Amino acid sequence: MTYETILVEPRGAVTLITINRPKALNALNSRVLDELIQAFAAFDADESQRCAVLTGNEKAFAAGADIKEMSDQGFASMYASNFFSGWEKVTATRKPWIAAVAGYALGGGCEVAMMADFIIAGENAQFGQPEIKLGVTPGMGGSQRLTRAIGKAKAMEMCLTGRMMDAAEAERSGLVARVVPLESLVEEALKTAETIARMGPLAAIANKEMVNAAFETGLAQGIVFERRLFHGLFGTEDQKEGMAAFVEKRKADWKGR
Ligand code: CAA
């Protein structure tokens, strides 16, 4: 598969996906969305791939949805095409993936970073939902995911003022898992992805589903969901292998079944 706006490089069991529209600060147009949908679907379907990293460049992870593409749209065309709904296909990815964010992650860029299972940020990362300055609001889940990630006070302040949050504040606020030096960002994200890739693939998906249930449902429902998935893993060979390997003091040989 050849892509125009992204680069896809398998690195062992990890897929590195790079948004590649540097002249437009990686603005997310429909072509980027279509290609990311295809790349994530291919990653999910490829049994040799266990974790993915999505990144941009040093100046921008992505400076938002493509304003030039959207500016002439009207309500009827946005509503009829259910504009942005395609991003739900990206969030439907079952295997874990990490956003490695340097530079601007604004508007849709911040929203895509928050679609990842977690974010690792370079020291120069800047997060923001500046849509209010364009007379609109977030449209790819930003108002919901940002509020759940950092709480109402900061999310409301960011959405209402459009101000940017730097990497240090993003880490303090719980938006990013870790901040690393810019020059080692992709390497650190790949290393973390390799750690995940060495885990049993079924357990990786189940852990992802559980943490997402905590994010998306109520506590009582989430706890029952967690327990049922935990029970379910006892029907897999990987559970037998993982526990046997611990008892026998050896490395587990995961089968993904
Ligand atoms: N859409 C389209 N093009 C964009 C863009 C975007 N979101 N962001 C940057 N670009 C383009 C600029 O138009 C410019 O192109 P030209 O060279 O053809 O003029 C090029 O990228 C470089 O940008 P700047 O010259 O502006 O670079 P800068 O370093 O001076 O400023 C910036 C950087 C502060 C990030 C500034 O580009 C900016 O404010 N960008 C827009 C940020 C924004 O509002 N994002 C939200 C978009 S709406 C959205 O995302 C809706 C949603 O909910 C999904």
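Helices and strands, as named in these legends, are DSSP runs numbered from the N terminus, a helix being a run of H or I with at least four residues and a strand a run of E with at least two. The structure shown is a predicted model.

**Figure 1. Q49 in the loop between helix 1 and strand 3.** Helix 1 covers residues 30-45 and strand 3 covers residues 51-55, and Q49 belongs to the loop that lies between these two elements. Q49 has a relative accessible area of 4% and therefore counts as buried, the cut-off for that class being under 20%. Two partners of its side chain can be traced in this view. The side chain of Q49 reaches the backbone oxygen of G12 at 2.9 Å, and it also makes a polar contact, at 2.6 Å, with the side chain of T15.

**Figure 2. The residues around the ligand.** The ligand is surrounded by 25 residues, and those that come nearest are K59, A65, G108, E131 and G139. By class, the shell around the ligand is made up of 14 nonpolar, five polar and six charged residues. Three elements, namely helix 2 (67-70), strand 6 (104-106) and helix 5 (108-115), each supply at least two residues of this shell, and the most is given by helix 2, which contributes three residues.

**Figure 3. Backbone atoms of K23, A63 and A65 beside the ligand.** This view turns from the shell as a whole to individual pairs of atoms. A polar backbone atom of A63 lies 2.9 Å from a nitrogen atom of the ligand, while a polar backbone atom of A65 lies 2.9 Å from an oxygen atom of the ligand. For K23, the distance between a polar backbone atom and an oxygen atom of the ligand is 3.4 Å. Taken alone, the ligand exposes 990 Å², of which the protein buries 65%.

**Figure 4. The largest pocket and its lining.** The volume of the largest pocket is about 1,300 Å³. Its lining counts 46 residues, and D117, N207, K208, V211 and N212 are the ones closest to the centre of the pocket. Two or more residues of the lining come from each of several elements, which are helix 4 (87-91), helix 5, strand 7 (118-122), helix 6 (142-150), helix 10 (201-216), helix 11 (219-233) and helix 12 (237-247). Helix 10 provides the largest share, 12 residues. Sorted by class, this lining holds 28 nonpolar, 10 polar and eight charged residues.

**Figure 5. The second largest pocket.** The space in the second largest pocket amounts to about 740 Å³. Of the 33 residues that line this pocket, M70, F84, T137, P138 and G139 lie nearest its centre; G139 is also among the residues that come nearest the ligand. Helix 2, helix 3 (75-80), helix 4 and helix 5 each give at least two residues to the lining of the second largest pocket, and the lining divides into 16 nonpolar, 12 polar and five charged residues.

**Figure 6. N82 and F84 in the loop between helix 3 and helix 4.** Most residues other than glycine have a negative phi. N82, although it is not a glycine, has a positive phi of about 50 degrees, and F84, likewise a residue other than glycine, has a positive phi near 80 degrees. Both N82 and F84 are found in the loop that lies between helix 3 and helix 4. N82 is classed as partly exposed because its relative accessible area is 48%, a value that falls between the limits of 20% and 50%. F84 can be followed back to Figure 5, where it is one of the residues nearest the centre of the second largest pocket.

**Figure 7. Two buried residues, G56 and E35, each shown with a residue distant in sequence.** G56 lies in the loop between strand 3 and strand 4 (60-62) and is buried, since its relative accessible area is 14%. Although G56 and V186 are 130 residues apart in sequence, their C-alpha atoms are 9.6 Å apart in space. E35 is part of helix 1, and with a relative accessible area of 2% it is likewise buried. E35 and V101 are 66 residues apart along the chain, and 19 Å separates their C-alpha atoms.

Note on methods. Residues numbered from 1 in each chain as written. Predicted model: local features only at pLDDT ≥ 70, side-chain atom pairs only at ≥ 80, totals over all residues. Heavy atoms only, no water. Near = heavy atom within 4 Å. Polar contact = N/O pair within 3.5 Å; in protein donor to acceptor, adjacent residues only side chain to side chain. Areas by Shrake-Rupley, 256 points an atom, 1.4 Å probe, with all protein chains shown as cover. Nonpolar A, V, L, I, M, F, W, Y, C, P; charged D, E, K, R; others polar. 1 Å grid on protein atoms, 1.4 Å probe; cavity = no way out; pocket = protein on both sides within 12 Å on 5 of 7 lines; lining within 4 Å. Points joined across faces, edges and corners; volume = space filled by probe spheres on them. Buried < 20%, exposed > 50% of the residue type's maximum accessible area, 1.4 Å probe, protein only.
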